[in-house]
Amino acid sequence: MYRYSLKLVLSAAGTISVAFNDGDGSTYRDHDVSIVDASGNILAKESIYESGTVSTEVNSSGNYYVLVDYSYDTEDYSLTATYSSTTG
């Protein structure tokens, strides 16, 4: 099992979206992609096989993290994180 994390530093409340692509189109194993706050609380989580997006609204500025768990494929997947100040 492999865990990867990506830190996001936000200056205001808004919406975080993370696009995941496994890089090879494999449907053999899923990847648990989560967005968590600085305290480790899971704000959003999706099990993604080939590609997909996980999103959440955050109520304040601060540090947030994208975690990829249960991934045995460590070389070719990609994450693209985007932030929007739009909520609701």
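Three strands form an open sheet in the order E5-E2-E7, and their pairing is antiparallel. E5 and strand E7 (78-84) lie at the edges with a single partner strand each, so one side of each has no neighbour in the sheet. On average, neighbouring strands of this sheet are turned by 15° against each other, direction ignored. The model described here is predicted.

**Overall composition**

- The protein chain contains 0 helices and 7 strands.
- Along the sequence, the chain therefore reads as the pattern β-β-β-β-β-β-β.
- Of the 88 residues in the protein chain, 33% are buried.
- The accessible surface of the protein chain is about 5,100 Å², and carbon and sulfur atoms account for 42% of this surface.
- When contacts between residues at least 6 apart in sequence are considered, 72% of them join residues at least 24 apart.

**Strand pairing**

- E2 and E5 are joined by 8 bridges in the antiparallel sense.
- Within the partner strand E5, Glu57 stands opposite Thr15.
- E1 and E6 also run antiparallel, and 7 bridges join them.
- Leu8 has Tyr64, in E6, as its bridge partner.
- E6 is further joined to E3 by 6 bridges, again with the strands running antiparallel.
- Val33 has Val68, in E6, as its bridge partner.

**The nonpolar core**

- How many residues does the largest nonpolar core have? It has 15 residues, and those with the most contacts inside it are Ile16, Val18, Phe20, Val33, Val54 and Tyr64.
- Which elements give two or more residues to this core? They are strand E1 (4-10), strand E2 (14-21), strand E3 (31-37), strand E4 (42-48), strand E5 (51-58) and strand E6 (62-69).
- Two of the residues with the most contacts inside the core, Val33 and Tyr64, also appear among the bridge partners: Val33 is paired with Val68, and Tyr64 is paired with Leu8.
- Val18, another of the core residues with the most contacts, touches Ile35, Gly52, Thr53, Val54, Val66, Leu79, Thr80 and Ala81, leaving aside residues up to four places away in sequence.

**Confidence of the prediction**

- The mean pLDDT of the protein chain is 86, and 85% of the residues reach 70 or more.
- Among the elements, E1 has the lowest mean pLDDT, at 86, whereas E5 has the highest, at 95.
- Predicted coordinates should not be read in detail where pLDDT is low.

Conventions
Residues numbered from 1 in each chain as written. Predicted model: local features only at pLDDT ≥ 70, side-chain atom pairs only at ≥ 80, totals over all residues. Heavy atoms only, no water. Core = buried A, V, L, I, M, F, W, Y, C linked by side-chain atoms within 4.5 Å. Buried < 20%, exposed > 50% of the residue type's maximum accessible area, 1.4 Å probe, protein only. Helix = DSSP H or I, 4+ residues; strand = E, 2+ residues; numbered from the N terminus. Contact = heavy atoms within 4.5 Å. Areas by Shrake-Rupley, 256 points an atom, 1.4 Å probe, with all protein chains shown as cover. pLDDT = per-residue confidence, 0-100. Pairing = 2+ DSSP bridges. Axes fitted to C-alpha atoms, helices over the stretch in contact; angles between N-to-C directions.
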